[in-house]
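Me: I would like to go through a protein model by asking, for each label attached to it, what value lies behind that label. Please set each value against its cut-off before concluding.

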Amino acid sequence: MKYEVTKELETGNVLIDSEHRQLFQMVNNLQDACAQGKGRAQIESSVKFLMDYVKKHFNDEESLQKQYKYPGYDAHHKFHQGYMTQIDNAGKELLSKDADIASLAEVNRLIGILISHIRTEDKKIASHIHAIDGK
């Protein structure tokens, strides 16, 4: 299953949408590497990148929320903290079990959570920003 930022998932915020596209591309690359048995080195670098990029993306989102005084910041931040822990755990599991089916299923489950979060919460942020400055 390939992940992509569809019209339904676009927030209208250039930074947020471009980072979501990069996240989905990295997940797609990770799944391809695992499916093709590309070797531990490629899987390891993909998992590390994914874990680091999620942190970067969440920091960027939270900076925007602070800048625009987003009223839902506290709840959004709490979600981000919990999600980063889950991604870190899934990444470690993926590496320790050499990308077995159960660990890949966990990554897919977490991406499903992220998609739901984008569809609802990230769109709220983008709407808030747009209401303030039209961007």
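The exchange below takes up the confidence, the helices, the rings, the cores and a few single residues in turn.

Me: What makes this a model to be read with its confidence values in view, and what is the mean pLDDT of the protein?

Reply: The model is predicted, and its mean pLDDT is 86, with 94% of the residues reaching 70 or more. Among the elements, α2 has the lowest mean pLDDT, 85, whereas helix α3 (residues 73-96) has the highest, 89.

Me: How do you know that the span of helix α1 agrees with its number of residues?

Reply: Helix α1 covers residues 14-35, and its 22 residues, at 1.5 Å a residue, should span 32 Å. The C-alpha atoms at its ends are 31 Å apart, so the span agrees with what is expected. At the start of α1, a side-chain oxygen of N13 comes to within 3.2 Å of the backbone nitrogen of L15, and just after the helix G37 takes a positive phi of about 60 degrees.

Me: Why is the aromatic pair of F49 and Y53 called stacked?

Reply: Two rings pair if their centres lie within 6.5 Å, and planes under 30 degrees apart count as stacked. For F49 and Y53 the centres are 5.4 Å apart and the planes 15 degrees apart, so both conditions are met and the pair is stacked. The two residues are 4 apart in helix α2 (residues 40-67), which means that about one helical turn separates them. The structure holds 4 aromatic pairs, and ring pairs also link F58, F79 and Y83 into a cluster.

Me: Why is F49 called partly exposed, and why does Y53 count as buried?

Reply: Buried means under 20% relative accessible area and exposed means over 50%, with partly exposed in between. F49 has 37% and is therefore partly exposed, whereas Y53 has 9% and is therefore buried.

Me: Which residues have the most contacts inside the largest nonpolar core?

Reply: That core has 30 residues, and F24, V54, Y83 and I111 have the most contacts inside it. Helices α1, α2, α3 and α4 (101-133) each supply at least two of its residues. Apart from it lies another core of 6 residues, including L64, Y68, Y70 and I125. With residues up to four places away in sequence left out, Y83 touches V54, F58, L110, I111, I113 and L114.

Me: What makes the phi of K69 worth noting?

Reply: Most residues other than glycine have a negative phi. The phi of K69 is near 50 degrees, a positive value in a residue that is not glycine. K69 lies in the loop between α2 and α3, and because its relative accessibility of 68% is over 50%, K69 counts as exposed.

Me: How do you know that H117 is buried, and what makes its link to H76 a polar contact?

Reply: H117, found in helix α4, has a relative accessibility of 5%, which is under 20%, so H117 counts as buried. The side chains of H117 and H76 are joined at 3.1 Å, and this distance lies within the 3.5 Å that a polar contact allows. Leaving out residues up to four places away in sequence, H117 touches E61, H76, F79, H80 and D122.

Me: Why is Q31 called buried?

Reply: Q31, placed in helix α1, has a relative accessible area of 16%, and since this is under 20%, Q31 is buried. Beyond four places in sequence, Q31 touches M1, Y3 and N108.

Conventions
Residues are numbered from 1 along each chain as its sequence is written. This is a predicted model: local features need pLDDT of at least 70, side-chain atom pairs count only at pLDDT 80 or more; totals for chains, interfaces and linings use all residues. Side-chain values use heavy atoms; hydrogens and water are left out. The expected span of a helix is 1.5 Å times one less than its number of residues. A polar contact is a pair of N or O atoms within 3.5 Å; within protein, one must be able to donate a hydrogen and the other to accept it, and residues adjacent in sequence count only if both atoms are side-chain atoms. Rings of Phe, Tyr and Trp (its six-membered ring) pair if their centres lie within 6.5 Å; planes under 30 degrees apart count as stacked, over 60 as edge-to-face and the rest as tilted. Buried means under 20% relative accessible area, exposed over 50%, partly exposed in between (1.4 Å probe, protein chains only). pLDDT is the predictor's confidence in each residue, from 0 to 100. A nonpolar core is a set of buried Ala, Val, Leu, Ile, Met, Phe, Trp, Tyr and Cys residues joined through side-chain atoms within 4.5 Å. Contact means heavy atoms within 4.5 Å.
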